[in-house]
Amino acid sequence: MSDAPGFASTLRAETRSPLLQVLKTSLAAVTAWLLSNLLLGQPLPIFAAIAALLVVQPSVTQSITKGIERSVGVVLGVLLASAAGALFGGSTWVVLSVIVVSLIIAWALKLGSGSSNQIPISAMLVLALGSTPGYGLERVVETVIGALVALLVNLAIVPPVATEPAHRATTRLVLAIADSLDDLAAALGAPRTREDVEAMYARARRLRELQRDADTALRKGEESLMLNPRRGRHRRRLEEDLAMLTRANPLVTRVLGMARATRDHYDRALPEIPAVQAIVTELERAAHDLRLLTTPASSSSTTIELPALTAPIVVLHPDPAHWIVVGSLMEDLRRVREVIVGATDAA
């Protein structure tokens, strides 16, 4: 009984597909089946339905890719099965041999997983169900019909746009960077325990994960706009998010560097150094200004918040005991400031 929850969790996805995607896939499969039945007179157009089920994807680009993979796999599988059936018949050993040969051919041609799996599946179905001349050719036509129907359905019915998740992921990353700057300011502003400093560093390291999430979400957003008739109204926002991620990437590196330097060289005497208190002030200003970058310029807020305008720190007398960590923090903070004000990419 204790294993049941774990087993069930492996069968379920973290998020479910949109209901619209389910309805579009259902419509494509039913339409492909009926159209193949009408055009080809095939009472059981299984290949058309399978093609439609596989080709309806979250984006038009993915649908085209799946359609090509599916069609290539079917053509190769049908040709192989037709040749094997004509030469050796349709016995069990022929079917099993064709499966192995199909996989070897796919491996030799370096085909993707979609085509690689489709070749033996198509070959098996042709050998198992085909009993009339021209059966293999009809299955190729049937597959093409299913793929085209799925593509047209994906084009016609509100093609999904993935720009909103990309915007949320990018904003989440920028706000997390600002939080890490505040974390650093808190760690340097007053004496902290070793556990507090380690926790600060652990939170900063999570920026890498958020950075990867934002990059993945933006790539999916770009893909969703390709060949999408609705791309015009969403392109500008996606480009703004791409520009924001470009600015955020070096910030992740700098903030991690500051967090690591603070963790490695932390001393409870650091807050007593005047230069460190100046760094604390600039860290708080940088966090403030970074959050402003996520606020739309057309915001209807009655109070328009102004940048705190971070500025370079000048140290006339370096601390003899902690000059390494102070110098490291100052250099990274300088580059953070340049990114926020748009002076350089600070890579």
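Helices H3 and H6 cross with a right-handed sense in this predicted model. H3 covers residues 46-55 and H6 covers residues 113-129; their axes come within 12 Å and cross at roughly 160 degrees. Angles over 145 degrees count as roughly antiparallel, and H3 and H6 are therefore roughly antiparallel to each other. On the H3 side, the contact is made by Ile46, Phe47 and Leu54, and H6 brings Gln118, Ser122, Leu125, Val126 and Leu129. Sorted by class, the residues of this contact between H3 and H6 are 6 nonpolar and 2 polar, with no charged ones.

Let us turn to H8 and H11. Helix H8 (residues 163-189) packs against helix H11 (residues 274-292) at an angle of about 160 degrees, with their axes 8 Å apart. That angle makes H8 roughly antiparallel to H11. The crossing of H8 and H11 is left-handed. From H8, the residues in contact include Val174, Leu175, Ile177, Ala178, Leu181, Leu184 and Leu188, along with the acidic pair of names Asp179 and Asp182. H11 answers with residues including Val276, Ile279, Val280, Leu283, Ala286, Ala287 and Leu290, and also Glu284 and Arg291. In this contact of H8 with H11 there are 15 nonpolar, 2 polar and 4 charged residues.Next come H2 and H7. The axes of helix H2 (residues 19-40) and helix H7 (residues 135-156) come within 9 Å and cross at roughly 140 degrees, which makes H2 oblique to H7. The crossing of H2 and H7 is right-handed. H2 takes part through residues including Lys24, Leu27, Ala28, Thr31 and Leu35, while Glu138, Val141, Glu142, Ile145 and Gly146 are among those of H7. The residues of the contact of H2 with H7 divide into 11 nonpolar, 4 polar and 3 charged.

Here are the classes of residue in each contact, side by side:

| Helix pair | Nonpolar | Polar | Charged |
|---|---|---|---|
| H3 and H6 | 6 residues | 2 residues | no residues |
| H8 and H11 | 15 residues | 2 residues | 4 residues |
| H2 and H7 | 11 residues | 4 residues | 3 residues |

Finally, a look at the aromatic rings. The structure holds 1 aromatic pair. A ring also meets a charge: the charged end of Arg263 sits over the ring of Tyr201, 4.2 Å from the centre of that ring.

Technical notes. Residues numbered from 1 in each chain as written. Predicted model: local features only at pLDDT ≥ 70, side-chain atom pairs only at ≥ 80, totals over all residues. Heavy atoms only, no water. Axes fitted to C-alpha atoms, helices over the stretch in contact; angles between N-to-C directions. Helix = DSSP H or I, 4+ residues; strand = E, 2+ residues; numbered from the N terminus. Parallel < 35°, antiparallel > 145°, perpendicular 65-115°, else oblique. Left-handed = near helix turned anticlockwise from the far one by under 90°. Contact = heavy atoms within 4.5 Å. Nonpolar A, V, L, I, M, F, W, Y, C, P; charged D, E, K, R; others polar. Phe/Tyr/Trp six-rings, centres within 6.5 Å; stacked < 30°, edge-to-face > 60°. Lys NZ or Arg CZ within 6 Å of the ring centre and 35° of its normal.
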